[in-house]
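Here is a friendly walk through one protein chain, written for someone who likes to check contacts and geometry by eye. Please keep the viewer open while you read.

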Amino acid sequence: MTRILLATPSATFRERFSYATGGAYFAVPLGALPINAAELFQHLDGAPLPDVVVLDSGDNPSPALSLSASISEDFPRIALVLVSELEEEIGLAALRAGVRDVLHPRADIQDIQLVLDRASAAVAPLQTFASPDAPRPEPFQTAGRVISVVSPKGGVGKTTVSTNLAVGLALAEPASTVIVDLDVQFGDVATALNLAPEYSLVDTVRGTAAQDTMALKTFLSLHDTGLYAICAPESPAVADTISGEEVGRLLTMLASQFRYVVVDTAPGLSEHTLASIDRTTDLILLTSMDVPGIRGMRKELDILGELGFGDLPSQVVLNMCDPRGGLSTKDVSVTIGRDVDLELPVSPQVLTSINQGIPLLQEPGKDPMTKKLLQLVGTFTAGADQAARRGKHVRSRGLSLARSR
């Protein structure tokens, strides 16, 4: 039987609620909402926690939304229903606070029953899974491709490659792609895409976003090209609180919703990068054409092999290729023990692109670097050769969407 807890200041609504539930619920005394979950649940008098909590916001929805967010954060297996006259106005805020349904205070008996049935059905699988004797579900099979761009050291153009790959995929297949900045301390995806995100990686791995894909999507930033982005937090201190487990769960959720999940990782093999590689379907190993970078790549390949990732589909991409540097592609291949899959040339257009926050593939030109980046995109989608031709049309659509928001 579903355990329901009601908190409302309205005797009229509580009476209708009693008819709808047959009196099978716990009630907080009429009056203002409790200020936190502990105060709310003390009214249970030692009874088990509820499966569904119904909060009546009254004239001011802010306390109810704050309380909902707190309950969602600390008790994710509880389904939340908000009672408010402002159904449309607070819908998005309610979703972000973890609310599953918004109910009008003058809703009839049938509507109340319908909302409670939906809430009960939504929380039932979570409660079953919480039981120690319950069978565990089969491992989730991702539908989308998780493409992680990794490098042994910084300064090799990893963010440039990641953002251009993501933009190219988004232009080739609209609404297909999300990029995640996993350089949690000093990520530059927001700068590279000229974004001022309202939310960051921290917001997507906590609370309701970590439990519900629909809620997660409300925390994504939209780029002009139609690419979605999760940018790094502004504070390195806050970023350090993100765990590898949270990263893995986020990438799994994103892969269930997007065809392509491009991950821009931090240099080296951090906890977050290893969590990403563990969910990766396609690995891009990037290095610059210099001795420290190439030696680092050799070590990284060895470590990945020792960790059991040696058979993961991967491409070695050599950036900043310049024959005047004294090294050849053959030298690189011999050192790392495998062929180089793609060579990206030195290009003055790259610096201009970085400074303007406009990826090369957002406004494709005819320079060699753009052609090579399109070739990289083409390894993942047959539609990549159309990206340049469709870029102008799709960019206009993205700008329109951005303004509408």
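The report below goes through salt bridges, nonpolar cores, a pocket and a few loop residues.

Please bear in mind that this is a predicted model.

**Salt bridges**

Let us begin with the charged side chains. Side chains of opposite charge can pair when their charged atoms come close. In this model the count of salt bridges comes to 11. Three of them are set out here, each with its N to O distance.

| Basic residue | Acidic residue | N to O distance |
|---|---|---|
| Arg-118 | Asp-101 | 2.8 Å |
| Arg-145 | Asp-282 | 2.9 Å |
| Arg-338 | Asp-341 | 3.1 Å |

Take the salt bridge between Arg-118 and Asp-101. This pair links distant parts of the chain, with Arg-118 in helix α5 (residues 109-130) and Asp-101 in strand β5 (residues 99-103), 17 residues apart. How exposed are the two partners? Arg-118 has a relative accessible area of 41% and is partly exposed, while Asp-101, at 17% relative accessibility, counts as buried because the cut-off for that word is under 20%.

The salt bridge between Arg-145 and Asp-282 joins two strands. Arg-145 lies in strand β6 (residues 145-150) and Asp-282 in strand β11 (residues 282-288), so the pair ties together parts that are 137 residues apart in sequence. Here Arg-145 is partly exposed at 29% relative accessibility, and Asp-282 is buried at 10%.

For the salt bridge between Arg-338 and Asp-341, the burial values read as follows. Arg-338 counts as partly exposed, with 25% relative accessibility, and Asp-341 also counts as partly exposed, with 39%.

**Nonpolar cores**

Which residues have the most contacts inside the largest nonpolar core? That core has 33 residues, and the ones with the most contacts inside it are Leu-165, Leu-169, Ile-179, Leu-193, Ile-284, Leu-376 and Phe-380. Several elements give two or more residues to this core: β6, α6 (158-172), α7 (189-192), β10 (260-265), β11, β13 (342-345) and α16 (368-378). The largest share of the core, 7 residues, comes from α6. Readers who followed the salt bridges will recognise β6 and β11, the strands that hold Arg-145 and Asp-282.

Leu-376 is a handy residue to select in the viewer. Leaving aside its neighbours within four places in sequence, Leu-376 is in contact with Val-161, Leu-165, Ile-284, Gln-315, Val-317 and Leu-342. Among these partners, Leu-165 and Ile-284 are also on the list of residues with the most contacts inside the largest core. Apart from the largest core lies another core, of 26 residues, including Val-178, Val-180, Leu-251 and Val-263.

**The second largest pocket**

Next comes a pocket that you may like to display as a surface. The second largest pocket has a volume of about 350 Å³. Of the 20 residues that line this pocket, Gly-157, Lys-158, Thr-159, Thr-160 and Asp-188 are the closest to its centre. Which elements give two or more residues to the lining? They are α6, α7 and α15 (348-356). The largest share of the lining, 5 residues, comes from α6. Helix α6 therefore appears twice in this report, since the largest share of the largest nonpolar core comes from α6 as well. By residue class, the pocket lining divides into 6 nonpolar, 10 polar and 4 charged.

**Loop residues**

Two residues stand out by their backbone angle. Ala-175 has a positive phi of about 65° although it is not a glycine. Ala-175 is found in the loop between α6 and β7 (177-182), and at 46% relative accessibility it counts as partly exposed.

Asn-194, likewise not a glycine, has a positive phi of about 55°. Its place is in the loop between α7 and α8 (201-204). At 59% relative accessibility, Asn-194 counts as exposed.

Is Leu-195 buried or exposed? Leu-195 is found in the loop between α7 and α8, and at 18% relative accessibility it counts as buried. Leaving aside neighbours within four places in sequence, Leu-195 is in contact with Ala-190, Ser-221, Leu-222, His-223, Ala-229 and Cys-231. The C-alpha atoms of Leu-195 and Ala-229 are separated by 9.1 Å, and these two residues are 34 residues apart along the chain.

Conventions: Residues are numbered from 1 along each chain as its sequence is written. This is a predicted model: local features need pLDDT of at least 70, side-chain atom pairs count only at pLDDT 80 or more; totals for chains, interfaces and linings use all residues. Side-chain values use heavy atoms; hydrogens and water are left out. A salt bridge is a side-chain nitrogen of Lys or Arg within 4 Å of a carboxyl oxygen of Asp or Glu. Helices (H or I, at least four residues) and strands (E, at least two) are DSSP runs, numbered from the N terminus. Buried means under 20% relative accessible area, exposed over 50%, partly exposed in between (1.4 Å probe, protein chains only). A nonpolar core is a set of buried Ala, Val, Leu, Ile, Met, Phe, Trp, Tyr and Cys residues joined through side-chain atoms within 4.5 Å. Contact means heavy atoms within 4.5 Å. On a 1 Å grid over the protein atoms alone, a cavity is a set of points where a 1.4 Å probe fits but cannot get out, and a pocket is an open set with protein on both sides within 12 Å along at least five of seven lines; lining residues have an atom within 4 Å of a point. Grid points are joined across faces, edges and corners, and a volume is the space filled by probe spheres set on the points. Ala, Val, Leu, Ile, Met, Phe, Trp, Tyr, Cys and Pro count as nonpolar, Asp, Glu, Lys and Arg as charged, and the others, Gly among them, as polar.
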